[in-house]
Amino acid sequence: MIKHGIPTAQYETFTDITLANKYIEKNGVPIVIKADGLAAGKGVIVALTKEEAYQAVDSMLSQNKYGDAGARIVIEEFLDGEEASFIAICDGENVLPLASSQDHKRLQNNDLGPNTGGMGAYSPAPIVNQEIHEKIMNQIILPTMKGMKKDGIKFQGFLYAGVIIDDNCNIKTLEFNCRMGDPETQPILFRLKSNLFNILMAAESGNLSNIKAEWDDGYSITIVMAAHNYPNKPRVDDQIYNINNIDNDNDCYTFHAGTKKVDDKIFTSGGRVLGVTARAKSLQAAKDKVYKLTSTIEFSGAQYRNDIGQKALIKSSEK
């Protein structure tokens, strides 16, 4: 990103605790500490005090909390603003942007508690208006594709940019993934009216320029139901009840994630257990529908947020 002028946070990498702590002392808080490796979506600490920052550094570099993933860390500038997920599918030359979405990383309501792999998402994200859409395409997605091509990489597949948008509509890149995202995939694809297979084949054969994606003009929301003690070591083997209580509604669907079937009964088998999803013409109607469905599904220790989509509803009421 630095090489190709793609907007992102200032950062440095460290393997030495003393140097890392000096960097924190110099730059102050809030500041972000990241394990420089795969940590199941939990290797990011947003430190609001220096003590939290030092503790995060110690847990990764000294206590080895994240194993090899935390043997090297990234300390970067804290970016303030509203996050959105922007996913495009690429055929090596052309880019087809998918519908926008917004993920909710924190475990608890009002973005409190520890970071998770994602506790819910909705699509579209109202923060990504036409102006922001064009900025993301022109400042992030297209320069990334151009930069990869310049570096000899022909990229075909999903390019996921996690972006942050400040109050002045400036954008910066938080992360890239070479896939769709969970839980963003569920509400996005639940709104897709076009044939996904045809889009994927066009991307594989280099013909995306001839493809247009059609979307349901309403909203969809996914609520993640997580296991007891998630995002730490989750408890498993709790039986799930009323999981098929959808009443043949084509606008509702329950995606299985951390589940297993034993003797025609469904049990928890992972941290994020279900992605309960609904769509409707308005965001409020989708929210009402999905939470009505979520409230009927039961398993011991189940935890989920009650405010997915609420931030967008508050902002729209203020306009």
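**View 1. Pro30 follows α1 in a loop that leads to β2.** This view, like the others, comes from a predicted model. The loop between α1 and β2 holds Pro30. A cis peptide bond links Val29 to Pro30. Omega there is about 0°. A cis bond also joins Asp182 and Pro183, with omega at about 20°. Pro183 lies in the loop between β12 (171-177) and α4 (185-191).

**View 2. Four strands make an open antiparallel sheet.** The strand order is β1-β4-β2-β3. Strands β1 (11-14) and β3 (44-47) form the edges, each pairing on one side only. From one strand to the next, the twist averages 20°. Strands of a sheet pair through backbone hydrogen bonds, either parallel or antiparallel. Here β1 and β4 (residues 73-77) pair in the antiparallel sense, over four bridges. Within that pairing, Tyr11 stands opposite Glu76 of β4.

**View 3. Helices α1 and α2 pack against the strands.** Helix α1 covers residues 17-27 and lies across β1, β2 (31-35) and β4. Its direction runs at about 155° to β1. Helix α2, residues 50-61, packs on the sheet. It touches β1, β2, β3 and β4. The direction of α2 makes about 10° with that of β2.

**View 4. Val74 sits in strand β4.** Is Val74 buried or exposed? Val74 is buried, because its relative accessible area is 12% and the cut-off for buried is under 20%. Leaving out neighbours within four places in sequence, Val74 is in contact with Tyr11, Glu12, Thr13, Val32, Ile33, Lys34 and Asp36. Thr296 lies elsewhere: Val74 and Thr296 are 222 residues apart in sequence, and their C-alpha atoms are 42 Å apart in space.

**View 5. Phe14 and Tyr23 form an aromatic pair.** The count of aromatic pairs comes to three. In the pair of Phe14 and Tyr23, the ring centres are 5.3 Å apart. The planes meet at 55°, so the pair is tilted. Phe14 is buried, with 8% relative accessible area. Tyr23 also counts as buried, at 13% relative accessibility.

**View 6. The charged end of Arg279 sits over the ring of Phe190.** The distance from the charged end of Arg279 to the centre of the Phe190 ring is 4.2 Å.

**View 7. The largest nonpolar core has 24 residues.** In soluble globular proteins, nonpolar side chains tend to be buried together. Which members of this core touch the most other members? They are Ile221, Ile240, Leu274, Val276 and Val290. Two strands and two helices are among the contributors: β13 (219-226), β17 (272-280), α6 (283-296) and α7 (310-318) each supply at least two residues of the core. Val276 can serve as a starting point for the eye. Leaving aside neighbours within four places in sequence, Val276 is in contact with Ile221, Thr222, Ile223, Met225, Tyr253, Thr254, Val290, Leu293, Thr294 and Ile297. A second, separate core has 21 residues, including Cys90, Ile132, Ile136 and Met148.

**View 8. Tyr230 is found in the loop between β13 and β14.** Strand β14 spans 252-256. Tyr230 counts as buried, at 8% relative accessibility. What does Tyr230 touch, not counting residues up to four places away in sequence? The list is Leu107, Thr116, Gly117, Gly118, Met119, Gly271, Arg272 and Gln303. Ser59 gives a reference point along the chain, 171 residues from Tyr230. The C-alpha atoms of Tyr230 and Ser59 are separated by 19 Å.

**View 9. Asp237 and Asp263 have positive phi values.** Asp237 has phi near 75°, a positive value in a residue other than glycine. This aspartate lies in the loop between β13 and β14. Asp237 is partly exposed, with a relative accessible area of 44%. Asp263 has a positive phi of about 55°, although it is not a glycine. Asp263 belongs to the loop between β15 (259-262) and β16 (265-268). Is Asp263 buried or exposed? Asp263 is exposed, because its relative accessible area is 72% and exposed begins over 50%.

Methods:
Residues are numbered from 1 along each chain as its sequence is written. This is a predicted model: local features need pLDDT of at least 70, side-chain atom pairs count only at pLDDT 80 or more; totals for chains, interfaces and linings use all residues. Side-chain values use heavy atoms; hydrogens and water are left out. A nonpolar core is a set of buried Ala, Val, Leu, Ile, Met, Phe, Trp, Tyr and Cys residues joined through side-chain atoms within 4.5 Å. Buried means under 20% relative accessible area, exposed over 50%, partly exposed in between (1.4 Å probe, protein chains only). Contact means heavy atoms within 4.5 Å. Two strands pair if DSSP finds at least two bridges between them. Axes are lines fitted to C-alpha atoms, for helices over the stretch in contact, and angles run from 0 to 180 degrees between N-to-C directions. Rings of Phe, Tyr and Trp (its six-membered ring) pair if their centres lie within 6.5 Å; planes under 30 degrees apart count as stacked, over 60 as edge-to-face and the rest as tilted. A charge sits over a ring if NZ of Lys or CZ of Arg is within 6 Å of the ring centre and within 35 degrees of the ring normal.
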